[in-house]
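Biologist: I'd like to learn how to read a model like this one. Could you walk me through it, feature by feature?

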Amino acid sequence: MKFATKVVQAGLVSDKTTGAISTPIYQTATFRHPELGRSTGFDYSRTQNPTRKAVEEAVATLEEGHAGFAFGSGMAAITSILMLYRPGDHVIITEDCYGGTYRILDKLFNQFGLTATFVDTGDLDQVQQALQPATKAILLETPTNPLMKIADIKAIVALARNSSENPIHVIVDNTFLSPYLQRPLTLGADIVVHSGSKYLSGHNDVICGLVVAKDAALCEKIGFIQNAAGAILGPQDSWLLLRGLKTLAIRLRQHEENALIVAQWLAAHPSVTKVYYPGLPDHPGKDIQDAQATGYGGMLSFVVDHPRLPAQVLRKVKVLQFAESLGGVESLITFPAVQTHADIPADIRQRLGISDCLLRLSVGIEDVEDIIADLAQALD
Ligand SMILES: *Cc1c(COP(=O)(O)O)cnc(C)c1O
């Protein structure tokens with residue numbers, strides 16, 4: 001079955017008693033047992049809930065993994081994955097990663113003895129040099145946030161497999177592209193995580209997170225953590241995610257079509273000095289992107305030529321909304337240095353290029369002429 005069909009059918013569990021097409025919201029904490037020693041398969045909704053199960057199976061199918069797990073946020077999903085590791089373990093992570101991921105490693109998990117090295121995962125030598133005997137995972141974002149750097153997933157998997165006798169998990173945060181455009185498990189990665197608050201749900205109306213893994217034994221461990229730590233997604237939000245997911249393919253197609261046009265328009269604008277979008281011909285790593293993904297997505301960043309401009313743009317936009325987050329049908333514009341990446345120290349931000357002239361745009365599915373007209377008047 002093709003992806004666009006799979007995604008529409010996702011979560012179509014069809015209630016056996018009524019034949020309902022839309023998965024019912026099982027708003028229940030607990031489940032009655034038919035008799036001692038028999039179960040319907042459901043006991044208590046932290047452990048498993050039918051609505052959550054439908055969305056977990058849907059995302060596992062789309063990412064081509066063994067099992068999926070839904071959490072109360074992307075950060076809850078990432079936190080739960082990091083609980084696979086112990087004091088003394090070490091992880092390597094993309095340096096211009098999501099600010100919240102930087103924060104939990106730098107301010108929370110370090111308290112429990114899990115150390116992290118932040119490197120440019122677009123540069124294989126840097127990844128190799130960061131490997132230690134204690135390294136247990138390499139956590140990648142590709143494209144990165146907000147500079148859209150591309151990491152070679154297959155090459156990093158090969159590095160992880162060849163450089164240690166102990167398994168090193170390759171974990172990919174696939175939030176920016178979604179399984180419609182990139183399926184890291186098919187490239188050899190062990191675990192995929194998502195902030196489902198972005199493209200998977202797609203309407204800026206729910207906070208959720210997902211994990212999908214390939215190996216059955218690893219899935220069992222993740223399922224244990226999900227139930228033990230309990231950062232689960234509730235049935236109402238599971239339903240919203242299921243509902244949003246059905247249109248993933250058609251939304252992404254429009255996001256991408258619009259993003260390419262906006263990127264080209266920005267690149268030609270006199271006040272814009274740089275555009276970061278993997279669909280532009282001169283984008284570093286475009287060859288790798290073309291080899292490992294089927295598109296470029298709807299996210300881009302751009303640099304303006306004066307530090308006064310970002311505040312002006314954010315004040316003047318009318319079609320675009322000045323708001324954090326991404327991946328919804330509405331176009332959102334944000335200022336990474338202050339909004340999303342404030343937890344990354346200023347000197348590191350500067351070195352990474354997350355400057356006071358950088359704006360990030362989540363291109364929505366509005367008519368692209370309106371998006372461009374809005375940017376034109378805001379930059380004027
Ligand atoms: C938003 C985001 C997260 C965090 O997800 P929440 O749902 O906000 O907790 C993690 N990674 C990336 C790439 C994100 O964009």
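Modeller: We'll go through the ligand site, then some backbone oddities, then a few residue pairs. This is a predicted model, so note the filters: local features need pLDDT of at least 70, side-chain atom pairs count only at pLDDT 80 or more, and totals for chains, interfaces and linings use all residues. Residues are numbered from 1 along each chain as its sequence is written, and side-chain values use heavy atoms, with hydrogens and water left out.

Biologist: Let's start with the ligand. Which residues come nearest to the ligand?

Modeller: A residue is near a molecule if one of its heavy atoms lies within 4 Å of it. Here 13 residues surround the ligand, and Gly74, Asp173, Ser195, Ser197 and Lys198 come nearest.

Biologist: How do I read polar contacts, and which atoms of Gly74, Ser197 and Lys198 face the ligand's oxygen atoms?

Modeller: A polar contact is a pair of N or O atoms within 3.5 Å; within protein, one must be able to donate a hydrogen and the other to accept it, and residues adjacent in sequence count only if both atoms are side-chain atoms. Gly74 uses its backbone: an N or O atom there lies 2.9 Å from a ligand oxygen. Ser197 brings a polar side-chain atom to 2.6 Å from an oxygen atom of the ligand. With Lys198, an N or O atom in the side chain is 2.7 Å from a ligand oxygen.

Biologist: How much of the ligand does the protein bury?

Modeller: Accessible areas come from the Shrake-Rupley method with a 1.4 Å probe, and for residues only the protein chains shown count as cover. Taken alone, the ligand exposes 380 Å², and the protein buries 93% of that.

Biologist: Where does the ligand sit?

Modeller: First, the pocket idea: on a 1 Å grid over the protein atoms alone, a pocket is an open set of points with protein on both sides within 12 Å along at least five of seven lines. A molecule sits in one if more than half of its atoms lie within 2 Å of its grid points. By that test, this ligand sits in the largest pocket.

Biologist: Which element gives the largest share of the shell, and what classes of residue does the shell have?

Modeller: Helices (H or I, at least four residues) and strands (E, at least two) are DSSP runs, numbered from the N terminus. Helix H3, residues 74–82, supplies the largest share of the shell, 3 residues. For classes, Ala, Val, Leu, Ile, Met, Phe, Trp, Tyr, Cys and Pro count as nonpolar, Asp, Glu, Lys and Arg as charged, and the others, Gly among them, as polar. That gives a shell of 5 nonpolar, 5 polar and 3 charged residues.

Biologist: On to the backbone. Where are the cis peptide bonds at Pro143 and Pro146?

Modeller: Look at omega. The bond joining Thr142 and Pro143 is cis, with omega about -5°, and the one from Asn145 to Pro146 is cis too, with omega near 10°. Pro143 lies in the loop between strand E4 (135–141) and helix H6 (153–162), and Pro146 lies in the loop between E4 and H6 as well.

Biologist: And positive phi: are Ser178 and Asn204 buried or exposed to some degree?

Modeller: Buried means under 20% relative accessible area, exposed over 50%, and partly exposed in between (1.4 Å probe, protein chains only). Ser178, not a glycine, has a positive phi of about 70° and is found in helix H7 (residues 178–181). Ser178 counts as buried because its relative accessibility is 0%. Asn204, also not a glycine, has phi about 50° and sits in the loop between strands E6 (191–195) and E7 (209–213). At 32% relative accessibility, Asn204 counts as partly exposed.

Biologist: Last one: how far apart are Ile222 and Leu84, in sequence and in space?

Modeller: Compare chain separation with C-alpha distance. Ile222 and Leu84 are 138 residues apart along the chain, with their C-alpha atoms separated by 7.6 Å. Ile222 is found in helix H8 (residues 216–229) and is buried, at 3% relative accessible area. Ser362 and Gln27 are 335 residues apart in sequence and 33 Å apart in space, C-alpha to C-alpha. Ser362 belongs to strand E12 (residues 358–362).

Note on methods
1 Å grid on protein atoms, 1.4 Å probe; cavity = no way out; pocket = protein on both sides within 12 Å on 5 of 7 lines; lining within 4 Å.
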